Amino acid sequence: MRTTEEIVELYNQRRIAKGPLHDQMRKVRSLANGDIVVPLNELDRNAKSNIANLLVQGLDQMSMRVASTMPSPFFPPVKEGSERAKGYADTRRKAMLSIWDQNKMPMKMRRRARHLLAYSSSAVVLKPDFRTLTPKWTVRNPLDTFAAPVDDPDDMLPEDCIFTFKATASWLIANYGEAVLGTLRMGKVDSDSKYTMLEYVDADSLQLVVVGAENDPGLSSAERAGIDSLTLEVIPNRTGMPLAIIANRITLDKPRGQFDGSLGMYYTRARLQALTEIAIERGIFPEEYLVARTGENPEILQLANSKQGVLGVVKGGDIVSKDLNPGYKTYEALDRLERQERLESAIPAEFGGESASNIRTGRRGENVLSATVDFRVQEAQAIFETALLEEDRVAIAIEKSYWGDFPKTFFIPSRAGVAQESYVPNKIWETDFHYVTYSAAGSDVNSLIVGLGQRLGTGMMSKESAREADPLITDPDLEHDRIVSEGVEAALLSSIQAQAADPNGPYQSDDLAYLTKQVVELDVTLYEAVRRTQQRAQDRQAMMMPMGSPETMPGLAIPGMGGEAQVAGPAGPPPIEALLAQLGG
């Protein structure tokens, strides 16, 4: 376990080392948040950017496409051919999907996709959540993440990681007042005072460290009293694994976001647009000069105000207007800068609901969009596949370490609606070996559905494989059962309709009315209504009623078609002829 001084020293070293990278991240963040001010020093004014923010458009579109489909975990059986091993493997898959669902993983993946594309990094930390008794994913801002350097750039599990955040003085005193007051250097404490918190995570422990106020000579002796930093909490890490996973975008030798190259073009385009607007405004309201005539002393009797329609009056001179030329090919330069920005950051016009002027057919538009987007989406999804695999292993270690022998229950969709299933972590997590794969890496949800339909139409894919690849189907086995039951129900309904349309068919008017009542009014399933109607008809046909009873009358049914009960014979002993007939005499 590291000491407080060692953690603070590591934080300072990594903060200095990552300074240039974080500066670039902050520029991207400022542009994404619309906090850009265009300086126009030669005109002594500043202008807010009023051009299309292609970075936000591209970031949202790309990240939404990356996160539009979710990967699926696959746990192979430990022993091939064993029904018990297959059952445990299926339970492991469902349990992991339940853990993902409790963590709202689709929403977290959307935020992580934005971090990966904009900051070239996506950081998460997993901790045990004792409220829900499940591993909890927490997405951290890459600007506040300081991970240990790794030799392999594809290694997503650093030995340790420091996460930072700001805490107010009121929160700090409310939660750790006894440990902080009189020990930590607080400085001038007011309602807006904030302190840097360091959350150190490694394979041995989780430590929370607070950094005190700077040792400013302007502070009083009482305000300067106390230590520089203080450890507030130390929690043992039972898993023995690093809990932080850092996914990095694939680059040459240093982190680089997808939109880093477009920042300079955006600034130039915004500045040129601002200058153009200033020139247009001065063209509408031109500058006017008073020019003296030869040998006369000019004098302005009344100032002109073109906005209010007031004419100017001068004496001994002439008013000359000075028209400004907005510049040579200004608008062509703006369009060229926008095109270069789109090419640099891979932001096609289709992202804004437009089509390029050289696109003539829908197929050509799809090809251009695919060449721009698909491979970038595929690479981002491949990175998340590897990251989620490592995160699942950490989640499994948390389950076994903290709730190994504790029975747990999760809920899954079933034919009856929602079903619950129980498991014991130490029993089902025999191994953490599994796969995490996207059904079709590089495809968003729209193109994926179209591709599945085309493969099914050409016979290249089975329906079972298509159900497993469809992101809208959470349980392929349940979906198969539903399709079969709906097909059988449709066949049963078609059979009833065909028999009811035949006057000589088995469904007489009363039976059909009874069947309809069971389905419509009593909300009975179709197969149960048919079974009840069948039992009712059998009971009626087995009845023996005296001649002339209403039950022996066919009513609306055709006589002899089973709509009436049988007529009972006369009372008393049977005649001798009947007895001899039974004896064969």
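Helices H3 and H5 are oblique to each other in this predicted model. H3 covers residues 54-66 and H5 covers residues 105-119. Their axes lie 8 Å apart, and the packing angle is about 125°. An angle of about 125° is oblique because it is neither over 145 degrees, the cut-off for roughly antiparallel, nor within the 65 to 115 range for roughly perpendicular. The crossing of H3 and H5 is right-handed.

Which residues of H3 and H5 meet? From H3 come Leu-59, Asp-60, Met-62, Ser-63, Met-64 and Val-66. From H5 come Arg-110, Ala-113, Arg-114, Leu-117 and Ala-118. By class, this contact has seven nonpolar residues, three charged and one polar. Ser-63 is the polar one, because serine falls outside both the nonpolar and the charged lists. Asp-60, Arg-110 and Arg-114 carry the charged label.

Follow the chain out of H5. Ser-120 sits in the loop between H5 and strand S4, which spans 121-129. Its phi is near 70°, a positive value in a residue other than glycine. Most residues other than glycine have a negative phi. Is Ser-120 buried or exposed? Ser-120 counts as buried, at 1% relative accessibility.

A second positive phi turns up at Asp-523, where the value is near 55°. Asp-523 is not a glycine either. This residue also lies in a loop, between helix H15 (509-520) and helix H16 (526-542). Here the setting is exposed: the relative accessible area of Asp-523 is 68%. That value counts as exposed because the cut-off is over 50%. Ser-120, at 1%, falls under the 20% limit and is therefore buried.

Next, a strand. Thr-164 belongs to S7, which runs over residues 160-168. Thr-164 is buried, with a relative accessible area of 9%. What does Thr-164 contact, leaving aside its neighbours within four places in sequence? Its partners are Tyr-11, Arg-140, Asp-144, Phe-146, Met-197 and Leu-198.

Now to helix H10, residues 362-403, which holds Glu-366. Glu-366 is partly exposed, with a relative accessible area of 49%. The value is under the 50% mark, so Glu-366 does not count as exposed. The C-alpha atom of Glu-366 is 9.6 Å from that of Glu-350. Along the chain, Glu-366 and Glu-350 are 16 residues apart.

Helix H13, residues 463-469, contains Ala-466. This alanine is buried, at 8% relative accessible area. Ala-466 touches Leu-452, Leu-456 and Met-461, with residues up to four places away in sequence not counted. Leucine and methionine both count as nonpolar, so these three partners are nonpolar. Gly-451 lies 15 residues from Ala-466 along the chain, and their C-alpha atoms are separated by 9.8 Å.

Finally, the whole protein. How many helices and strands does the secondary structure come to? The protein has 17 helices and 20 strands. It holds 585 residues, and buried ones make up 37% of them. Take the contacts between residues at least 6 apart in sequence: 67% of these join residues at least 24 apart. The accessible surface of the protein comes to about 33,800 Å². Carbon and sulfur atoms account for 53% of that surface.

Definitions and conventions. Residues are numbered from 1 along each chain as its sequence is written. This is a predicted model: local features need pLDDT of at least 70, side-chain atom pairs count only at pLDDT 80 or more; totals for chains, interfaces and linings use all residues. Side-chain values use heavy atoms; hydrogens and water are left out. Helices (H or I, at least four residues) and strands (E, at least two) are DSSP runs, numbered from the N terminus. Buried means under 20% relative accessible area, exposed over 50%, partly exposed in between (1.4 Å probe, protein chains only). Contact means heavy atoms within 4.5 Å. Accessible areas come from the Shrake-Rupley method with a 1.4 Å probe; for residues, only the protein chains shown count as cover. Axes are lines fitted to C-alpha atoms, for helices over the stretch in contact, and angles run from 0 to 180 degrees between N-to-C directions. Angles under 35 degrees count as roughly parallel, over 145 as roughly antiparallel, 65 to 115 as roughly perpendicular and the rest as oblique. A crossing is left-handed if the near helix is turned anticlockwise from the far one by less than a right angle, and right-handed if clockwise.
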